[in-house]
Amino acid sequence: MGIKEVRDFLNTKRRDFSNKPLDDKSVKENPFEQYAVWFKEAMEANVPDPYAACLSTVNGQNEPSSRMIYIRDILENGFVFYTNYESNKAKDLDQNSAAALNIYWIDLERQIRIKGDICKVEAELSDSYFKNRPRKSQIGAWASAQSNKIESREVLARKIKEIEAEFNGKEVTRPPFWGGYQLIAEKIEFWQGRPSRLHDRILYTKENNSWRKNRLSP
């Protein structure tokens, strides 16, 4: 397939959405409770990786960047993910803590957009999560200088063997450069696809430690 065929497909392919409504009167008053309702339905529908989300950050030069991460916990005010503290995303967050998550469950024609500021979680929480990771993932966290240039896959393989030897017969401790972040939500929007692009959108906005709901135009 060439570029012309790709362009033709992009310009002509259409599909309409189903007619499953999202009623602002029936959704929960708290967006985290509504997230739990939708997450349960995503699990029941066997949506692949329902905890996957696109994380968008902006660095000190106002350059945006997006990548997929896994949401691994939910605290009182936000969503938790884990990464290398020396990665590009971490460097972005050091310069600008404002960020966004986008969850898209195509099988359910649903999207959840979350905006807020990101901060590191307590070390104890990172320790607890790391302890329960598969051992190979623990070794990988030590071996990978995430986002840095590497000569070849073989270099990474040798580093993994070195780390395996270092921790042979011992518990793999959490690297000091690896841990969790929490996005403290200020806005959470639930989007339900509807026919003719007349989608349902319910926005929760945090105001004075409480949540206000509004319906948005599609």
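User: How many salt bridges are counted in this structure, and what makes the contact between Arg-174 and Asp-127 a salt bridge?

Analyst: In this predicted model the count comes to 12 salt bridges. The side chains of Arg-174 and Asp-127 meet at 2.6 Å, N to O, and because the cut-off for a nitrogen of Lys or Arg and a carboxyl oxygen of Asp or Glu is 4 Å, the pair is called a salt bridge. It links distant parts of the chain, Arg-174 being in the loop between helix 6 (153–166) and strand 7 (178–192) and Asp-127 in helix 4 (residues 123–131), 47 residues apart.

User: Why is Asp-127 called partly exposed?

Analyst: The relative accessibility of Asp-127 is 38%, and because buried requires a value under 20% and exposed a value over 50%, Asp-127 counts as partly exposed.

User: How do you know that Arg-212 and Glu-207 form a salt bridge, and are the two residues buried or exposed, or partly exposed?

Analyst: The closest N and O atoms of Arg-212 and Glu-207 are 3.2 Å apart, which is within 4 Å, so the pair meets the criterion. Arg-212, at 42% relative accessibility, counts as partly exposed, and Glu-207, with a relative accessible area of 33%, is partly exposed as well. Elsewhere, salt bridges that share partners join Asp-24, Arg-194, Asp-200 and Arg-215 into one network. Within that network, Asp-200 and Arg-194 have their closest N and O atoms 2.5 Å apart, and both residues are buried.

User: How many aromatic pairs are there, and why is the pair of Phe-32 and Phe-79 called stacked?

Analyst: The count comes to 16 aromatic pairs. The ring centres of Phe-32 and Phe-79 lie 5.2 Å apart, with 20° between the planes; because the centres are within 6.5 Å and the planes under 30 degrees apart, the rings pair and count as stacked. Phe-32 belongs to helix 2 (residues 31–44) and Phe-79 to strand 4 (residues 78–84), so the pair ties together parts that are 47 residues apart in sequence. Phe-32 has 12% relative accessibility and Phe-79 has 1%; both values are under 20%, so each residue counts as buried.

User: What makes the pair of Tyr-51 and Tyr-70 edge-to-face?

Analyst: The ring centres of Tyr-51 and Tyr-70 are 4.8 Å apart and the planes stand at 80°, and because an angle over 60 degrees counts as edge-to-face, the pair is given that name. Tyr-51 lies in the loop between helix 2 and strand 1 (52–58), whereas Tyr-70 lies in strand 2 (residues 64–70), so the pair ties together parts that are 19 residues apart in sequence. Tyr-51 is partly exposed at 26% relative accessible area, and Tyr-70 is partly exposed at 34%. The charged end of Arg-72 also sits over the ring of Tyr-51, 4.6 Å from its centre.

User: Which residues touch the most other members of the largest nonpolar core, and which residues outside its own sequence neighbourhood is Ile-112 in contact with?

Analyst: The largest nonpolar core has 33 residues, of which Leu-101, Trp-105, Ile-112, Ile-114 and Ile-188 touch the most other members. Leaving aside neighbours within four places in sequence, Ile-112 is in contact with residues including Tyr-35, Trp-38, Leu-101, Trp-105, Ile-188 and Phe-190. Ring pairs also link Trp-105 into a cluster with Phe-32, Tyr-35, Phe-39, Phe-79 and Trp-211.

Notes
Residues are numbered from 1 along each chain as its sequence is written. This is a predicted model: local features need pLDDT of at least 70, side-chain atom pairs count only at pLDDT 80 or more; totals for chains, interfaces and linings use all residues. Side-chain values use heavy atoms; hydrogens and water are left out. Rings of Phe, Tyr and Trp (its six-membered ring) pair if their centres lie within 6.5 Å; planes under 30 degrees apart count as stacked, over 60 as edge-to-face and the rest as tilted. Helices (H or I, at least four residues) and strands (E, at least two) are DSSP runs, numbered from the N terminus. Buried means under 20% relative accessible area, exposed over 50%, partly exposed in between (1.4 Å probe, protein chains only). A charge sits over a ring if NZ of Lys or CZ of Arg is within 6 Å of the ring centre and within 35 degrees of the ring normal. A nonpolar core is a set of buried Ala, Val, Leu, Ile, Met, Phe, Trp, Tyr and Cys residues joined through side-chain atoms within 4.5 Å. Contact means heavy atoms within 4.5 Å.
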